[in-house]
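Hi,

Here is the structure I said I would pass on. Have a look at it, and then read my notes underneath.

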Amino acid sequence: MKPSPQAVYDNLNLLEQVDNVRSACYRQRAQDVLADPQVSLQWREAIAERLNQANRQLGLQTASENDSY
């Protein structure tokens with residue numbers, strides 16, 4: 001059963017509070033919703049924005065932890 005767009009959107013707020021496996025599942029569900037043309041454009045835009053913010057935050061955390069420069 002597919003989660004609702006609302007549930008997917010809400011779960012993206014929890015990415016930093018859950019383990020890595022659950023975080024990856026939440027991100028994958030968001031990708032699935034983004035690819036579903038039956039989901040309204042408004043929901044897909046909101047989920048895309050929230051996922052983009054989460055990905056930027058993850059990138060900042062990863063870069064500061066590894067300090068590859």
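A definition to begin with: Ala, Val, Leu, Ile, Met, Phe, Trp, Tyr, Cys and Pro count as nonpolar, Asp, Glu, Lys and Arg as charged, and the others, Gly among them, as polar. You'll need that for the pocket below.

Some ground rules too. This is a predicted model, where local features need pLDDT of at least 70 and side-chain atom pairs count only at pLDDT 80 or more, while totals for chains, interfaces and linings use all residues. Residues are numbered from 1 along each chain as its sequence is written, and side-chain values use heavy atoms, with hydrogens and water left out.

On confidence, the mean pLDDT (the predictor's confidence in each residue, from 0 to 100) is 90 for the protein chain, and 90% of its residues reach 70 or more. Helix α1 (residues 5-11) has the highest mean among the elements, at 97, and helix α3 (residues 41-66) the lowest, at 87.

The overall layout is quick to tell: the protein chain has three helices and zero strands, in the order α-α-α from the N terminus. Helices (H or I, at least four residues) and strands (E, at least two) are DSSP runs, numbered from the N terminus. Of the 69 residues, 22% count as buried, where buried means under 20% relative accessible area, exposed over 50%, and partly exposed in between (1.4 Å probe, protein chains only). Taking contacts (heavy atoms within 4.5 Å) between residues at least 6 apart in sequence, 51% join residues at least 24 apart.

Now the inside. The largest nonpolar core has ten residues: Val8, Leu12, Leu15, Tyr26, Ala30, Val33, Val39, Ile47, Leu51 and Ala54. Helices α2 and α3 each supply at least two of them. Such a core is a set of buried Ala, Val, Leu, Ile, Met, Phe, Trp, Tyr and Cys residues joined through side-chain atoms within 4.5 Å.

Val8, in helix α1, is a good residue to click on. Val8 counts as buried because its relative accessibility is 2%. Leaving aside neighbours within four places in sequence, Val8 is in contact with Pro3, Arg29, Ala30, Val33 and Ile47. On the same terms, Val33 is in contact with Val8, Val39, Arg44 and Ile47.

And what about the largest pocket? About 310 Å³ of space lies in it, and α2 (20-34) and α3 are the elements that give two or more residues to its lining. There are 15 lining residues, with Leu15, Glu16, Ser23, Arg27 and Leu58 nearest the centre. The largest share, six residues, comes from α3. By class, the lining has six nonpolar, six polar and three charged residues.

For the method: on a 1 Å grid over the protein atoms alone, a pocket is an open set of points where a 1.4 Å probe fits, with protein on both sides within 12 Å along at least five of seven lines, and lining residues have an atom within 4 Å of a point. Points are joined across faces, edges and corners, and the volume is the space filled by probe spheres set on them.

Two last residues. Ser23 sits in helix α2 and counts as buried because its relative accessible area is 9%; not counting residues up to four places away in sequence, Ser23 touches Leu15 and Val18. Gln57, in helix α3, is partly exposed at 34%.

Cheers
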